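Work through the exercises below with the sequence and the model open beside you. Each task is followed by a solution that goes step by step.

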Amino acid sequence: MPFDSSRDSRFMSAAVRLARRGLGKVWPNPPVACLIVQTDEKGRPVVVGRGLTSPPGGPHAEVHALRHAGEKARGATCYVTLEPCSHYGRTPPCSAALIEAGVARVVIGMLDPNPRVCGRGEKMLQDAGVEVISGVQREACEILYAGFTSRITSQEPNVFLKLAVSKDRCIGRTGEGQVKISNPLSMRHVHGYRATHDAILIGIGTAVADDPQLTCRLPGMKSSSPVRVIVDRQARLPVTSNLARTSPDVPVWLLCGNDAEREKVQALSAAGVLVIRVPATDHGIDPKVILGALAARGITRLMVEGGAHIARAFVEADVVDDLCVVTGDVEIGPEGIPALAGLDLERVLKDPKFHRIDAGHVGRDTYQYLRRRGG
């Protein structure tokens, strides 16, 4: 197939869209997508194979796509969002599979961010006589793999902080449980965000006050629910809570201090909660410690839902990569709980380290989506 930069860009964009389907489902691996494109009898490019990386231990995207394409892969162009692997792990190297299948060209969205791997798959292909083009739709791929990259380079997942606030910038009312702020359509968006993250995190205050489930409750998507993480220094989560009771169905991880009472830890463990002891102080558990513990267990994309003290801690620790603020059409009043526990939300939204990538209305709610510059 002759070189056509616009065609390459178009097919890589399609591969990126396919790869997004794997977000939250294949961690700690990246959600790679592969398209194999052949020329038909009229000279038109046609997708003859497509694949998406399986959960750990299963075939990678390239293998799925090659199986789909069969003999049509010979002489074809392969579009893959991340550099094909060149080493033996749980599965054989994908670069070798592409070479054996007789693929003529490989177009790569982004090289592997692991310095021990970066460029090796590309070189293996080139040494075998395969034409390789790298960096097509690279920015889109870098956004797609921000969490995978962060876990490798910084030993931390990518952090997405979501806040639902009232018109007077509060997230609840003192002495009450969950206060309805967002409309049903906004909540659908929230559940969609949950489905694309490996884990969702709240503090023990929110866990006790609201007794949430933190699952993805879009029709047919319960299986896409993320790991539910509770920051609970003293292991106070009741074993009768919704989270503990449903932990055998959707994993619950609880981060507590090394000095948490053994009896409480044992009771939660017996209920099915994975208890992770980490260093803590009288002021709580440092967000950096939280992120390191989660990354060590494979989490690449973390959604933080609150409450106010957890949100403030993550903002002040300067670990928030993406920030979405949904503002409902209600006012809570003088008993309201400030969204960031006293930290000025407006100042955070105007912080020059963030730039707005989206804003608009969802019904009568408004939203702003910010991303850290350079991210």
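**Exercise 1. Describe the surroundings of Arg194, and decide whether Arg194 is buried or exposed.**

Solution. Start with the contacts in this predicted model: leaving aside residues up to four places away in sequence, Arg194 touches Ile200, Leu214, Thr215 and Arg217, and also Ser224, Pro226, Met303 and Glu305. Next, place the residue, which is found in helix α7. Finally, compare its accessibility with the cut-off: buried means under 20% relative accessible area, and because Arg194 has a relative accessibility of 5%, it counts as buried.

**Exercise 2. Check whether the length of helix α7 agrees with the expected span, then find which of its residues are buried and what covers them.**

Solution. Helix α7 runs over residues 184-195, and at 1.5 Å a residue its twelve residues should span 16 Å. The C-alpha atoms at its ends are 17 Å apart, which agrees with that expectation. For the second part, the buried residues in α7 are Ser186, Val190, His191, Arg194 and Ala195. A general rule helps in reading such a list: an α-helix has 3.6 residues a turn, so residues three or four places apart point the same way. As for the cover over the buried residues of α7, it includes the strands β6 (158-165), β8 (199-203) and β12 (301-306), along with β13 (322-327), β15 (354-362) and β16 (365-372).

**Exercise 3. Leu214 and Asp211 both have a positive phi without being glycine; state where each lies and how accessible each is.**

Solution. Take Leu214, one of the contacts of Arg194. Leu214 has a phi of about 60° and lies in the loop between α8 and β9; with a relative accessible area of 4%, Leu214 is buried. Asp211 has a phi of about 45° and lies in the loop between α8 and β9 (227-231). Because its relative accessibility is 31%, Asp211 counts as partly exposed.

**Exercise 4. Find the cis peptide bond between Trp27 and Pro28, and say in which loop Pro28 is found.**

Solution. The bond that joins Trp27 and Pro28 is cis, with an omega of about 5°. Pro28 is found in the loop between α1 and β1.

**Exercise 5. Which residues of the largest nonpolar core touch the most other members, and which elements supply this core?**

Solution. The largest nonpolar core has 39 residues, and those that touch the most other members are Ile36, Cys78, Val106 and Tyr145. At least two residues of this core come from each of α1 (5-19), β1 (33-39), α2 (61-69), β3 (77-80), β4 (105-108), β5 (131-134) and α5 (138-144). Among these, α1 gives the most, with six residues. To see one member in detail, follow Val106, which, apart from residues up to four places away in sequence, touches Cys78, Val80, Pro84, Leu98 and Leu125, as well as Val130, Glu131, Val132 and Ile133. A second, separate core has 36 residues, including Leu161, Ile285, Leu291 and Leu294.

**Exercise 6. Describe the two cavities of 30 Å³ or more that the structure holds.**

Solution. Begin with the largest cavity, whose volume is about 90 Å³. Its lining has 16 residues, of which Leu23, Asn29, Pro31, Thr300 and Arg301 lie nearest the centre; by class, the lining has eight nonpolar, five polar and three charged residues. The second largest cavity has a volume of about 30 Å³ and is lined by Lys162, Ala164, Ser182, Ser186, Met187, Val190 and Val326. Two or more of these lining residues come from each of β6 and α7, and α7 gives the most, with three residues.

**Exercise 7. Describe the largest and the second largest pocket by volume and lining.**

Solution. The largest pocket has a volume of about 1300 Å³ and is lined by 50 residues, of which Ile171, Thr206, Gly306, Gly307 and Ala308 lie nearest its centre. Helix α12 gives the most to this lining, with seven residues, and the lining of the largest pocket divides into 23 nonpolar, 14 polar and 13 charged residues. The second largest pocket has a volume of about 1000 Å³; of the 45 residues that line it, Ile143, Arg301, Asp322, Tyr369 and Arg371 are the closest to its centre. By class, the lining of the second largest pocket has 20 nonpolar, eleven polar and 14 charged residues.

Conventions:
Residues are numbered from 1 along each chain as its sequence is written. This is a predicted model: local features need pLDDT of at least 70, side-chain atom pairs count only at pLDDT 80 or more; totals for chains, interfaces and linings use all residues. Side-chain values use heavy atoms; hydrogens and water are left out. Helices (H or I, at least four residues) and strands (E, at least two) are DSSP runs, numbered from the N terminus. The expected span of a helix is 1.5 Å times one less than its number of residues. Buried means under 20% relative accessible area, exposed over 50%, partly exposed in between (1.4 Å probe, protein chains only). Contact means heavy atoms within 4.5 Å. A nonpolar core is a set of buried Ala, Val, Leu, Ile, Met, Phe, Trp, Tyr and Cys residues joined through side-chain atoms within 4.5 Å. On a 1 Å grid over the protein atoms alone, a cavity is a set of points where a 1.4 Å probe fits but cannot get out, and a pocket is an open set with protein on both sides within 12 Å along at least five of seven lines; lining residues have an atom within 4 Å of a point. Grid points are joined across faces, edges and corners, and a volume is the space filled by probe spheres set on the points. Ala, Val, Leu, Ile, Met, Phe, Trp, Tyr, Cys and Pro count as nonpolar, Asp, Glu, Lys and Arg as charged, and the others, Gly among them, as polar.
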